[in-house]
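This briefing is intended for reading beside the sequence and the model. Please keep both in view.

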Amino acid sequence: MRCYLRALLLCTAFTFFSSLYVINYLASTLEDSARRGLNEERTPDGESRNTGNVLRKRPGLAGREAREQHRCKSLSVSYWNPYWRLPADVCGLNCFLDSPFRDRIDSEVEDGSDESSHLAVVACGPRLEETLTMLKSAILFSKKPLKFYIFADDELQGGFQNALHSWPRSVQTRFNFTIYPITFPSGNENEWKKLFKPCASQRLFLPLILKEVDSLLYVDTDILFLQPVEDIWVFFSQFNASQLAAMAPEHEEPRIGWYNRFARHPYYGTTGVNSGVMLMNMTRLRETFFKNDMTTVALQWSEMLMPLLQKYKLNITWGDQDLLNIIFHHNPECLYVFPCQWNYRPDHCVYGLNCQQAEKDGVFILHGSRGVYHNEKQPAFRVVYEAIQQYPFGENMETSLLQPLEASLQTTTHSYCGRQSHLFTKRLKQSIASVQQVRRGR
């Protein structure tokens, strides 16, 4: 009798667990079918496609990249603003997809002109006021319309929108802007975000994010324009067939250079380049295959960034700028180098004068690196920043900007850079005179 009872119990248990397995399998099958029904639709030729969230094939793709994109298509995707993303270890940076930013904020002002100068900046943390002052300097002296691409963390986006919309209507008609969230590839967000300064490495991904933009000028938040933005834009017309970016040297004097004395990685030229002011031909950056020291195969921009970071992350000090130096060390023919007066930093005057072009023509773009706008280390840089920050839109720039600035600079002659403060106003005087002449002619 016991044997029969034991057999009955075993049969009952087997039947119960078998039923659970079948129910679970059927539920899983129905769920997969529903997901495929939501994510896919049929094209006229019968091929399935993801509804707007797959990489589109581009003409001339190499076989390997085409296979990789095909592999990306076969994976399930999950939504994360502003991108549809796939695992970085599978698809790499090629999984930045073509769908537009859903979280971006656009200004209503559109100039409708293709003569605009395109300017990009990345701001995180306590950089709101500094960035607004940079944008203000760009507007003050430019005669052509401007288009701003502002990448900001969540805490700053509202501040940018409110401040830019609060500027006088006569000023707002001279620019339009789009605010984008800070975004990095999946799986490595924190690593990229904490590279050097918060969010600074976002600039490396601009060609992959702003796919509709052909060319732009990237600047750090601590930049001040002392002459029109369109003047540096002219360098694009001087690029040869292989050049796709432009920067200024990190140093002009090798004896005080950082890269040639301390760098533990390859760098461009004799003293490296500084990426605080960078012209970018985005189309060429996206399409070019770059030589590198990671593989004998030339890699596209999207394929190269992550392996480059993994190889050199323990050897770099200045984050994304170091990565750019490594790239252009191996591809020097791709870089156009413009003079130091377009990226004038404290290093150009604190160790004595070592920017001959600025001595001759004045400073065109001021770069307040190392926080000199907000401390007492280089007061000449600080008073230029404060003069532009405090200038009221619409006032006479000669009496409300230039003259107060010249008076303040006289108080900085005890510092190395203050003794050369005439270089800060030499080009500024010309810019102000030119702008006022244009306004009088209207």
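The points below cover the sheet, one strand residue, the aromatic pairs and the charges over rings.

The model is predicted. It contains an open sheet of 8 strands with mixed pairing, and a search of the whole structure finds 21 aromatic pairs.

**Sheet**
- The strand order is β5-β8-β7-β6-β9-β12-β11-β15.
- β5 (105-106) and β15 (335-337) are at the edges; each has a single partner strand, so one side of each lacks a neighbour in the sheet.
- Helix α5 (residues 154-166) packs on the sheet and touches β5, β6, β7 and β8, with its direction at about 170° to that of β8.
- Strands β6 (residues 117-123) and β9 (residues 215-219) run parallel and are joined by 2 bridges; A120 stands opposite Y218 in β9.

**Residue N281**
- N281 belongs to strand β12 (residues 273-281) and is buried, with a relative accessible area of 11%.
- Beyond its neighbours within four places in sequence, N281 contacts D214, S215, F236, F239 and L244.

**Aromatic pairs**
- The ring centres of F235 and W342 are 5.4 Å apart with planes at 80°, so this pair is edge-to-face.
- The pair of F235 and W342 ties together parts 107 residues apart in sequence, and both residues are buried.
- For Y344 and F381, the centres are 6.5 Å apart and the planes at 15°, so the pair is stacked.
- Both Y344 and F381 are buried.
- One aromatic cluster is formed by W233, F235, F236, F239, Y336, F338, W342 and F364.

**Charges over rings**
- K136 lies over the face of F393, 5.2 Å from the ring centre.
- The charged end of R419 sits over the ring of Y416, at 5.2 Å from its centre.

Note on methods: Residues are numbered from 1 along each chain as its sequence is written. This is a predicted model: local features need pLDDT of at least 70, side-chain atom pairs count only at pLDDT 80 or more; totals for chains, interfaces and linings use all residues. Side-chain values use heavy atoms; hydrogens and water are left out. Helices (H or I, at least four residues) and strands (E, at least two) are DSSP runs, numbered from the N terminus. Buried means under 20% relative accessible area, exposed over 50%, partly exposed in between (1.4 Å probe, protein chains only). Contact means heavy atoms within 4.5 Å. Two strands pair if DSSP finds at least two bridges between them. Axes are lines fitted to C-alpha atoms, for helices over the stretch in contact, and angles run from 0 to 180 degrees between N-to-C directions. Rings of Phe, Tyr and Trp (its six-membered ring) pair if their centres lie within 6.5 Å; planes under 30 degrees apart count as stacked, over 60 as edge-to-face and the rest as tilted. A charge sits over a ring if NZ of Lys or CZ of Arg is within 6 Å of the ring centre and within 35 degrees of the ring normal.
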